[in-house]
Amino acid sequence: MIVKGKVWKFGDHINTDDIIAARYLNTTDVKELASHCMESIFPDFSRKVSINDIIVAGENFGCGSSREHAPIAIKGCGISVVVAKSFARIFFRNAINIGLPIVETDFVDKISQSDILEVNFDTGTIVNLTTGEKGNFIKYPEFLQEIVKSGGLMSWAKEKYIK
Amino acid sequence: MTITEKILANHAGLKETFPGQFIEATVDLVLANDITGPLAIEEFEKAGARQVFDSSKIVLVPDHFTPCKDIKSAEMVKRLRNFAKEQNVLFYEIGKVGIEHALLPEQGLTLPGQLIIGADSHTCTYGAIGAFSTGVGSTDVAFAMITGKIWLKVPATIKFVYTGKLARFVGGKDIILYTIAKIGVDGARYRAMEFTGETIKSLPMDDRFTICNMAIEAGGKNGIIAPDQITGEFLSSVTKEKGVFYYSDEDAKYENVVEIDASAITPQVAAPHLPSNSKDVREYSNVKVDQVVIGSCTNGRISDLRKAAMIAKGKKVHPDVRAIIIPATQRIYQQAIKEGLIDIFVESGCVISPPTCGPCLGGHMGVLGKGEVAIATTNRNFIGRMGHPESFVYLSNPEVAMASAIKGRISHPDEVTK
């Protein structure tokens, strides 16, 4: 899988209250959640992003609560992948489980706001098409690849457990 | 092996586990609340599942937006209630419900040696009784409700060793804030945090719950304290079950050992907008406050209310301050009435809320307006956490919060007691 899109760059410790504030958690509607994505720290984010755009962030992206509404809101905005130096652990597993692609790499330092990025999941490479620089990332371990290939945890569960 | 590795090995049917290993483990208890539960139920139904794997191992706790704050939250709780009836799983109705991480241990549902998952990040609280307990997402809960299993990566363990006697007005909250300030909000990312040492051994259960509760604020996968006599006494007060006591081996491998002189810890206050911005309370004594919240899964237990009442007794809340007290469960509420604590609070001008997560996450029962400042015994002070994106939350223990309510600015409890 290869994705290409425009970069929206964020800093370290972007938490789940930043991604989707708790006052909007009284619904499970994807569109509504997406419309408030990043609102507290980046008003109108959901209106400014386009399909396939890419979020790039620093350390500990998604720290805070266990709300799956956070990766759902991001995915609902049309974001194709989140690239960060590191992810908080619950966000990491939620993203894998719902099928939001995420990439962990220090190449983040070589990416700026509005750059165009190409991420190749098959080769584990990332190209900054704006600057021409290239980087690598470590692919998911086999166990997680299985889940991601199935399209998320529940599809994997269907194949394995639900007859 | 460490206590964490032993519990995981036992639940994965393995002789041993090692950090970095992926395992599929069986779960003893699966928890979801009114925010995360409906999503889990949607996934459960979408997958075509008809029955939960074991109705006695699933518990649904509507505690975040309850008593329901609006139509949408009422619909979400209705969904939870209907599912609970259909599947015959535990559901705590208004009148019985409390804040999940205070409620479950009190109901005797969490036991040493168990593997517990919950779609709530503060599920790590139950590590205080020697369980492996961690926060997960709604899809994880859906998967576990169907299969009784969870996928996990075995975490490396950081051992924290606390020595020395705690100073006056210093408790579990100060220990954990001090620790998070030392290692940072990602200082234990993906790691097990094992809290040990003579200081921990002499701590009452309530303080232990507070410490493990905030392991997630350092990025931890779980916080854990080896069970001992204090754990045993607590257990026998709530259940006939004993659980299984695990201990780390003498030669257990730790990624890191952090030694902390607990006698040097002073009452802490974490400034906006990260729990790691924690310093001695006196560093912030010029900060005026509009609201004080004493409650939450971190500090809404009976000993927290006792500590706050001791400060409030015979004094009045500052006229410019709203002070909100939230007993975490009905049992705690009733105990507080019996001990006369509620009288003390009302007399001093505090308002008492029913058990709810409410203001901690800016839900209801005390939401902040633009520019307002709160000091709270809660666990997070992120941007907009308690309301308006331009409001400010300081975190502290109950004595500091109550002293601040009386003075109208952040205060050391010494300022209002003799």
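## Two contact surfaces of chain B

About 3,200 Å² is buried between domain 1 of chain B and domain 2 of chain B, with carbon and sulfur atoms giving 59% of that area. Keep in mind that this is a predicted model.

Let's stay inside chain B for a moment. The domain assignment puts domain 1 at 3-260 and domain 2 at 268-415. Their C-alpha centres sit 24 Å apart, and the contact draws on 39 residues from domain 1 of chain B and 42 residues from domain 2 of chain B. Which three residues supply more than any other three of the area that domain 1 of chain B buries against domain 2 of chain B? They are Ile99(B), Phe169(B) and Lys173(B), with 22% of that area.

On the polar side, there are three salt bridges between the two domains of chain B. Glu106(B) pairs up with Arg331(B) in a salt bridge, the closest N and O atoms being 4.0 Å apart. You'll also find 25 residue pairs in polar contact between domain 1 and domain 2 of chain B, both residues at pLDDT 80 or more.

As for the helices, H4 (100-106), H6 (172-183) and H8 (205-213) of chain B each put at least two residues into the side of domain 1 that touches domain 2. H6(B) has the largest share, six residues. Sorted by class, that side of domain 1 of chain B holds 17 nonpolar, twelve polar and ten charged residues.

Now for the other surface, where chain B meets chain A. Here 53 residues of chain B are in contact with 47 residues of chain A. The two chains bury about 4,000 Å² between them, and 61% of it is on carbon and sulfur atoms. Three salt bridges turn up across this interface; in one salt bridge, the side chains of Arg385(B) and Asp17(A) come together at 2.9 Å, N to O. The polar contacts between chain B and chain A come to 19 residue pairs, both residues at pLDDT 80 or more.

Several elements of chain B each supply at least two residues of the side that touches chain A, and here they are:

| Element of chain B | Residues |
|---|---|
| Strand E1 | 22-26 |
| Helix H2 | 37-46 |
| Helix H3 | 71-87 |
| Strand E6 | 132-135 |
| Helix H5 | 138-147 |
| Strand E7 | 149-153 |

Which element gives the most to the side of chain B that touches chain A? That's H5(B), with seven residues. By class, this side of chain B has 23 nonpolar, 14 polar and 16 charged residues.

Conventions:
Residues are numbered from 1 along each chain as its sequence is written. Chains are lettered from A and ligands numbered from 1 in the order in which they are written. This is a predicted model: local features need pLDDT of at least 70, side-chain atom pairs count only at pLDDT 80 or more; totals for chains, interfaces and linings use all residues. Side-chain values use heavy atoms; hydrogens and water are left out. Domain bounds come from an automatic or database domain assignment. Contact means heavy atoms within 4.5 Å. Buried area is the accessible area (1.4 Å probe) that two parts lose on being put together, summed over both. A polar contact is a pair of N or O atoms within 3.5 Å; within protein, one must be able to donate a hydrogen and the other to accept it, and residues adjacent in sequence count only if both atoms are side-chain atoms. Helices (H or I, at least four residues) and strands (E, at least two) are DSSP runs, numbered from the N terminus. Ala, Val, Leu, Ile, Met, Phe, Trp, Tyr, Cys and Pro count as nonpolar, Asp, Glu, Lys and Arg as charged, and the others, Gly among them, as polar.
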